[in-house]
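Hi everyone, thanks for making time this morning. I'd like to walk you through a structure that is new to most of us, so let me put it up on the screen.

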Amino acid sequence: MQAVLDYLKRNQTRFVAELCEYLRFPSVSAQPLHRKDMRACAGWLVNHARQIGLEARLFATAGHPIVVAKTPAFASLRRGKPLPHFMVYGHYDVQPPEPLELWKSPPFAPRIAGRSIFARGSTDNKGQNLAHFKAVEAYLKAGTPLPCDLTFVIEGEEEVGSANLAKFLKAQRAALRCDAVVVSDTGMPSPKHPALTYSLRGIIAFEITVHGPSHDLHSGVFGVAVENPAMALARLLAQLRDARGRVAIPGFYDDVAPLSAYERKQFARLPIRDRDLQKLLGVNKLFGERGFTPTEQRSARPTFEINGLTSGYQGQGSKTIVPAWARAKITCRLVPNQRPAKIRELVCRHIEKICPPTVRLEIEAGHGAEAYLVSPASPRARAALRALKAAFGCPPVLMREGGSIPIVNDFKKILGADSLLLGLGLPDDNAHSPNEKFNLDCFAKGQAMSAHLWRELSEV
Ligand code: BES
Ligand code: MN
């Protein structure tokens, strides 16, 4: 193990240069304009994996390609007995970088300042998945035998709902059968608090369009004699949550698994203070459902959020119209026990019920996924905690995260494997926001964590 750790230490400068190369690809999965960049980024990853001694190839899908890289097949056979097999999952696609004017340096021109590297995709998720490649490189190049077989699956559609990955998992089920999946695509409260995440929220996405007159109208000539769709949508949306953010849709909370006293106590111990959160997020006051702390709200309560809202004239100056339509992009986060199909049905029926007859409603369904919850006390979870402690030098915490990684449910259903969520992101990393960054200490310690992890996991 020492040879592996020494190798990592000696090569940090090169690793950071390689991370910069990876970050230069504008691999924005949501924007068709970047199709070629997606392919180029996946190609870079395949080459990189080959250089460090893995067997790698690209798999085309109906969308963006999937990169698969394995430790050399003979490693396991050479020693005569089958080794445990673990999968590392990550994604090379990134969120759109807009609004560009808010970036202090261009999103795809990585910039290092202090111990941070700024670029879109740095924390979510290129820096985190590259850390695992570097750990494996260290084993292979330092000549230390890996105690397990590893397969990396790095996809290009995580940020748009992973529509083609489940099909791939089914087709490759035999080759991908594994003892557990390791995912570094979540966060930790601080560099002194490495974390094992044992739950993620689920999600349903949809768009509501309210149609009014057949075309934009003169608001002086026709206003108020016809319903204004923007006004109708605003009134409709305003009825879906109460003043404290509790969702006002009948039945929405029926299946929500209650939090145990034990979990609430654990949440309360996390080093996240309301005042710090307030400052980090730039708000005067936190908001939210009565009876739950911000940590509980962010990780274990379901939500209804408007992600985008559009209607009427958006250009400079004024324009006196009654717009023809208004639209909202919505996602609800779900918690364990809530079924996406059932919640979608409840939400849609309720919106239809309260929509006034003066406008026409159209609801378009988007992606959906269940929440994820595993035991943080399983032998493999405990092995992961040991690896975190060894690499970070501080006792790890257990967390539930509010974000979603839809595919982890399919790892369980299709491959029968639990996911160990060992995130390297920090709360101020600005994932999905301008000036996204990744901490280079998290990068280095993440590599060491990965190095320890393979040994710890293989001894379970
Ligand atoms: N890395 C995030 C998920 C995440 C972030 C989990 C923080 C826990 C804490 C991932 O890349 C992501 O953003 N997922 C999307 C999924 C959606 C598009 C289906 C999300 O959560 O919005
Ligand atoms: Mn993301």
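Let's begin with I306, which is partly exposed, with a relative accessible area of 39%. Please keep in mind that this is a predicted model. You can find I306 in strand β11, which covers residues 305-311. Now look for K329: it sits 23 residues from I306 in sequence, yet the two are 5.9 Å apart in space, C-alpha to C-alpha.

Next, E305. Its C-alpha atom is separated by 9.8 Å from that of L237, and the two residues are 68 apart along the chain. L237 itself belongs to helix α9, residues 229-238. Is L237 buried or exposed? It is buried, with a relative accessible area of 9%; the cut-off for buried is under 20%.

Now please turn to the manganese ion, ligand 2. Which protein residues supply its donors? They are D124 through OD, E159 through two OE entries, and H432 through NE2, and they lie 2.0 to 2.7 Å from the ion. Along the chain, these donors follow the spacing D-x34-E-x272-H. D124 lies in helix α5, residues 122-142, while E159 lies in the loop between β6 (149-155) and α6 (165-171), so this pair ties together parts that are 35 residues apart in sequence. Both D124 and E159 are buried.

What about the geometry of that site? The manganese ion has six donor atoms, the angles among them run from 53 to 156°, and the site is irregular.

That brings us to ligand 1, where some familiar names return. A polar side-chain atom of D124 lies 2.9 Å from an oxygen atom of ligand 1, and for E159 the corresponding distance to a ligand 1 oxygen is 3.1 Å. H91 joins in too, with a polar side-chain atom 3.2 Å from an oxygen atom of ligand 1. Taken alone, ligand 1 exposes 520 Å², and the protein buries 86% of that.

How many residues surround ligand 1? There are 15, and the closest are E158, D185, R333, S404 and H432. You'll remember H432 as a donor to the manganese ion. Sorted by class, the shell around ligand 1 has six charged, six polar and three nonpolar residues.

To recap, D124 and E159 are donors of the manganese ion, and each also places a polar side-chain atom by an oxygen of ligand 1, at 2.9 Å for D124 and 3.1 Å for E159. Thanks for listening!

How values were computed. Residues are numbered from 1 along each chain as its sequence is written. Chains are lettered from A and ligands numbered from 1 in the order in which they are written. This is a predicted model: local features need pLDDT of at least 70, side-chain atom pairs count only at pLDDT 80 or more; totals for chains, interfaces and linings use all residues. Side-chain values use heavy atoms; hydrogens and water are left out. Donors are N, O and S atoms within 2.8 Å of the metal (3.2 Å for Na, K and Ca); water is not among the atoms, so sites may look incomplete. Four donors count as tetrahedral if all angles lie between 85 and 135 degrees; four count as square planar and six as octahedral if opposite donors are over 155 degrees apart and all others between 65 and 115; anything else is irregular. Helices (H or I, at least four residues) and strands (E, at least two) are DSSP runs, numbered from the N terminus. Buried means under 20% relative accessible area, exposed over 50%, partly exposed in between (1.4 Å probe, protein chains only). A residue is near a molecule or strand if one of its heavy atoms lies within 4 Å of it. A polar contact is a pair of N or O atoms within 3.5 Å; within protein, one must be able to donate a hydrogen and the other to accept it, and residues adjacent in sequence count only if both atoms are side-chain atoms. Accessible areas come from the Shrake-Rupley method with a 1.4 Å probe; for residues, only the protein chains shown count as cover. Ala, Val, Leu, Ile, Met, Phe, Trp, Tyr, Cys and Pro count as nonpolar, Asp, Glu, Lys and Arg as charged, and the others, Gly among them, as polar.
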